[in-house]
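Reader: I should like to look closely at a single part of this structure, with the terms explained as they arise. Please begin with one residue and work outwards from its surroundings.

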Amino acid sequence: MITDKKSPYRLVSDEQLAKLRAAEDELFFSRTGTSKEAFDKAHENLLNGVPMPWMGDWGTDYPIFLKKAQGNRCVDIDGNEYIDFCLGDTGAMFGHSPEATVKKVAEQAKNGITTMMPTLDALEIGKELFKRFGLPTWQVAMTATEANRYTIRNARALTGRSKILVMQECYHGSLDESLPHINEDGKLALRTDFDSNPGLPKDQLTRVVEFNDLEAAEKELAHRDCAAVLLEPVMTNCGMVLPEEGYLDGLRALCDKYGTYMIIDETHTFSNGYGGCTKAWNLRPDFVTLGKSIAGGIPVAVYGFTKDITDKINETYGHAGVSDPMGIGGTLAANQFAIAAMRVTLSEVATEAAFEKMFRGQQRLSDGLEKVINKHGIRWSVTRSGARCELQFMPTLPKNGTEAKNNFDWQLMYYMHIYLSNRGILITPFHNMMLISPVTTDEDIDRLIQVWDDCIATLAEAGKA
């Protein structure tokens, strides 16, 4: 949710920032006139001129309309080319339209898209995911939101418990369980004034604690009414937040103590390696959920679980026809088109060699950003994690969601984003997160560092006026 909070380290006054933003707006308008025309026309049939609400959340008067995307480049309908460090907010983490995925998708489209029948490709996916994440049993959904939803339904059915413990300012898709937070009065509340499910009492559904706070987690889990803890091993929605040493292992121990399942959402943190954080850090989740990038951008997601959970499901509701009325599964889930795309993406695109290249790129970018910050004497910082990093408007890295949120500065951030966009660079629109793909070059990274340098220099100069 956009707030009016301002970083105490923002460099410029409101008036100075408004003047800089006006100049960038003028440049943006001059570059993107055809997008403006398309946006105006789109209002005739699309809510707010876009087919999905987030597409209008780039911090500009109107979004850039895309013509094509390939590798780590996007071209808009005005012909402007952009180096892409957003990559569809992780959906295209391995680059837009990877060659191997494109070839397989074209082949599969001629041989059936959806039949509600399993294929041999599904067997290979199960083996591959077991190898990467260490969980033996897997199911397929359409989106990571669905994967999280099905996982939660399984956890509730197996435990008989109603609540899910989530992290303050988390994001796990459009789940009712992850929409509440603790407000400034210390009460459980929605993050918006509009309740999309008023018939559902939030305190019967969710418990919320700060990330990295084991004491708070134990206090909530001690009620023994939480079916599961759902979390990302690195928070990636509110400004990246890293786990403190021992936190994830400590949370695992608390889940064991209070009979609560641990669900690790690796949808974004798959960027931390071949088997996400689960493999890289030897985590022991009961469930793993994963989506977005695993089929090269084709909509699909997966969720895996332990043998113990597999046995318990099969002893109860796991057989054909029993789980259908439980809201687990869907007509298009695991269609052969998505399954084929996922198999080839995992085997030929999301390789260990690809991740190593992505990690090296992140280090180059983060090192460069820190040099820029130090050069200008600014009290900002850079969070590093796998193939992504984030520029934080604070001198030390945030320890939890509230710290991250309180140091958000939306007006400053949106100024910086339009500055980058006007110079041919895209980053994640909702915060300052940047993602490196296997096709991102050192020259691309150096260009981003230089534009950040120029942008910060412009802010610093304006602040002296």
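Author: Ser437 is buried, its relative accessible area being 0%. The word "buried" stands for a relative accessible area under 20%, "exposed" for over 50%, and "partly exposed" for values in between, with a 1.4 Å probe and protein chains only. The model is predicted, and local features need pLDDT of at least 70, side-chain atom pairs count only at pLDDT 80 or more, and totals for chains, interfaces and linings use all residues. Residues are numbered from 1 along each chain as its sequence is written, and side-chain values use heavy atoms, leaving out hydrogens and water.

Ser437 belongs to the loop between strand S16 (433-435) and helix H14 (442-464). Helices (H or I, at least four residues) and strands (E, at least two) are DSSP runs, numbered from the N terminus. The side chain of Ser437 makes a polar contact of 2.9 Å with the side chain of Thr440. A polar contact is a pair of N or O atoms within 3.5 Å; within protein, one must be able to donate a hydrogen and the other to accept it, and residues adjacent in sequence count only if both atoms are side-chain atoms. Leaving aside residues up to four places away in sequence, Ser437 touches Asn72, Leu87, Met93, Phe94, Gly95 and Met358. Contact here means heavy atoms within 4.5 Å.

Two of these neighbours, Met93 and Phe94, lead to a further residue. Both are touched by Phe270, whose other contacts include Arg132, Phe133, Leu290, Leu346 and Phe355, when residues up to four places away in sequence are not counted. Phe94 and Phe270 also belong to one aromatic cluster, together with Phe133, Trp138, Phe355 and Phe359. For such rings, those of Phe, Tyr and Trp (its six-membered ring) pair if their centres lie within 6.5 Å; planes under 30 degrees apart count as stacked, over 60 as edge-to-face and the rest as tilted. Across the whole structure, a search finds 21 aromatic pairs. One of the aromatic pairs is that of Phe28 and Phe29, which is edge-to-face, with 6.3 Å centre to centre and 65 degrees between the planes. Within this pair, Phe28 is buried at 2% relative accessibility, whereas Phe29, at 35%, is partly exposed.

Let us return to Phe270 and its surroundings. Phe270 is among the residues with the most contacts inside the largest nonpolar core, as are Met167, Leu231 and Met342; this core has 80 residues. Helix H10 (residues 336-349) gives the largest share of the core, eight residues. A second, separate core of 37 residues includes Phe85, Ile378, Trp410 and Ala462. A nonpolar core is a set of buried Ala, Val, Leu, Ile, Met, Phe, Trp, Tyr and Cys residues joined through side-chain atoms within 4.5 Å. In soluble globular proteins, nonpolar side chains tend to be buried together.

Arg132, which Phe270 touches, has its charged end over the ring of Tyr274, 3.8 Å from the ring centre. A charge sits over a ring if NZ of Lys or CZ of Arg is within 6 Å of the ring centre and within 35 degrees of the ring normal. Elsewhere, Arg423 lies over the face of Tyr419, at 3.5 Å from the ring centre.

Trp138, a member of the aromatic cluster, is also touched by Phe130, as are Leu135 and Pro136, not counting residues up to four places away in sequence. Phe130 lies in helix H4 (residues 120-133) and is partly exposed, at 43% relative accessibility. From C-alpha to C-alpha, Phe130 and Asp14 are 52 Å apart in space, with their positions 116 residues apart in sequence.

Finally, helix H6 (residues 214-221) shows how the two sides of a helix can be described. Its buried residues are Ala217, Glu220 and Leu221. They lie on the same side of H6, because they cover an arc of only 95 degrees around the axis. The arc is that of the directions from the helix axis to the C-beta atoms. On the other side of H6, Glu215 and Lys219 are exposed. The buried residues of H6 pack against strands S5 (163-167), S8 (206-209) and S9 (226-231), and against helix H7 (247-258). At the start of H6, a side-chain oxygen of Asp213 comes to within 3.2 Å of the backbone nitrogen of Glu215.
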